[in-house]
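Open the model in your viewer and keep the selection tool ready. We will go from stop to stop.

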Amino acid sequence: MKEKIPYKIYLEEAEIPTSWYNVRADMKVKPAPLLNPGTGKPLKAEELEPIFCKELVKQELDNDTQYIPIPEEVLNFYKMYRPSPLVRAYFLEEALQTPAKIYYKFEGNNTSGSHKLNSAIAQAYYAKKQGLKGVTTETGAGQWGTALSMACSFFGLDCKVYMVKVSYEQKPFRREVMRTYGADVTASPSNTTQIGRKILEEFPGTTGSLGCAISEAVEAAVTHEGYRYELGSVLNQVLLHQTIIGLEVQAACKKYGIKPDMIIGCAGGGSNLGGLASPFIGEMLRGEANYQIIAVEPASCPSFTRGKFAYDFCDTGKICPLAKMYTLGSNFIPSANHAGGLRYHGMSGILSQLYHDGLFEARAVEQTSVFEAAQLFARVEGTLPAPESSHAIRVAIDEALKCKETGEEKTIVFGLTGTGYFDLKAYEQYNNGTMNDYIPSDEEIAANLAKLPKVEE
């Protein structure tokens, strides 16, 4: 061991943060408001409450409260698997022969296998508190659906999950975990909703997308009394709940005198990157520190790096609110690759505004290079990472190798959002040499962006 820093840094139970951090309170330019698709006007709380729980609507619209207390019931549930460890990747450093110090925040230490449980348990709690019968949702790779199924089981709520068809077919075991926790799981697009039937008619044989599944889940929520819709990424409320990750990293770094130079997170809708980086971005916004923050997305679905910052529908069926975000167009359906939870056409409004304002940078990486990094990490660090997390691993390795060339001793922190034990079909394709890299053409992206709704700002 190079230094007297543990391999795994755990906080004490008493050191678990008791409030979520709302980065919007420190943002000089706030995220643009959600718009009513019919009127083009900012949505009011009463317009969102038929879709979301009342308390979650309040959190969604709160741009001013810096810290929001975590309910005691949610904190007690967190203690089942939190605090999660901040791990020093000594073996990866040795394998790379780099002077860089590499840490990762490991969020896979629960049955759902990912960070998604941090928000799922909060959202289920508010649904139960409101007296609802159940909730609906969508899921891509399956981590969010699994987490919400667990949370609903804990609080005795019904859970209806619309799972992107390609993932439904690629990951039957993830689907069965959801069913084990009592969820009803449907491949999306499906013929069980009006929107699903319309999408199937327009795109026959489609492998689906998160935008399609969102449309179906929202329709199911608003057409069933006593149900509300819950989302696992993108929304302000979700990034708020996920800041438990970054707050714990901050506390661990302070405890051991660690000063990160670089913070890296995968980015699909924004829950992981937002949760990990928001507390550090808050320091930057307040002028207290400076960090290099990198969002890593798949080259097959490059919202940040090739998308447009504009108002767009959050779903393919065009029934959800309009959000100003970096988007590839709500009609964009990415290739059936293994980026799983990173296949959403848009990005969090919070992160989109912060990226637009230059608070962090973004990189797009190809699928085979991601699995190359995942394989190395698994072999030397002993944990099989999820494909989503492996995007962050790829860039962490790239940056560590740059340090090897320059001799710089940078401290790198990245988010390991979950495990890849339900992603073995993807690993099989990589190991067999049959995995391909698909990158959408400029013409394909331009055609979708040309269909963006016309919004006066």
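A cavity is a set of grid points where a 1.4 Å probe fits but cannot get out. Keep that in mind for the first stop. Note also that this is a predicted model.

**Stop 1: the cavities**

How many cavities of 30 Å³ or more does the structure hold? There are four. Go to the second largest cavity, with a volume of about 130 Å³. Its lining has 13 residues. Select Phe52, Leu235, Cys314, Cys320 and Pro321, the closest of these to its centre.

**Stop 2: the largest pocket**

Now look for an open space. The largest pocket has a volume of about 300 Å³. Its lining counts 19 residues. Which of them lie nearest the centre? Select Ala32, Pro33, Leu34, Glu60 and Asn236 to see them. Then colour helix α2 (54-61), strand β13 (322-327) and helix α14 (349-356). Each of these three elements gives the lining at least two residues.

**Stop 3: the open sheet**

Switch to a cartoon view. Find the four strands that form an open sheet, in the order β8-β7-β6-β9. Their pairing is parallel. Which strands stand at the edges? They are β8 (184-188) and β9 (227-229). Each has a single partner strand, so one side of each is left without a neighbour in the sheet. From one strand to the next, the twist averages 20°.

Zoom in on β6 (residues 134-139) and β7 (residues 158-164). Six bridges join this parallel pair. Select Val135 and you will find Cys159 of β7 opposite.

**Stop 4: helices across the sheet**

Keep the strands on screen and add helix α6 (residues 143-155). Helix α6 lies across β6 and β7. Its direction is at about 165° to β6. Next add helix α8 (residues 172-180). Helix α8 lies across β6, β7 and β8, and runs at about 170° to β7.

**Stop 5: the nonpolar cores**

Turn on side chains. The largest nonpolar core has 77 residues. Which residues have the most contacts inside it? Select Trp20, Tyr78, Ile281, Ile293, Phe304, Leu354 and Phe360.

Centre the view on Ile281. Leaving out residues up to four places away in sequence, Ile281 touches Val23, Ile293, Leu354, Leu359 and Phe360. Apart from this core lies another, of 32 residues. Val365, Ala373, Phe377 and Leu416 are among them. Select those four to end the tour.

Methods. Residues numbered from 1 in each chain as written. Predicted model: local features only at pLDDT ≥ 70, side-chain atom pairs only at ≥ 80, totals over all residues. Heavy atoms only, no water. Core = buried A, V, L, I, M, F, W, Y, C linked by side-chain atoms within 4.5 Å. Buried < 20%, exposed > 50% of the residue type's maximum accessible area, 1.4 Å probe, protein only. Contact = heavy atoms within 4.5 Å. Pairing = 2+ DSSP bridges. Axes fitted to C-alpha atoms, helices over the stretch in contact; angles between N-to-C directions. 1 Å grid on protein atoms, 1.4 Å probe; cavity = no way out; pocket = protein on both sides within 12 Å on 5 of 7 lines; lining within 4 Å. Points joined across faces, edges and corners; volume = space filled by probe spheres on them.
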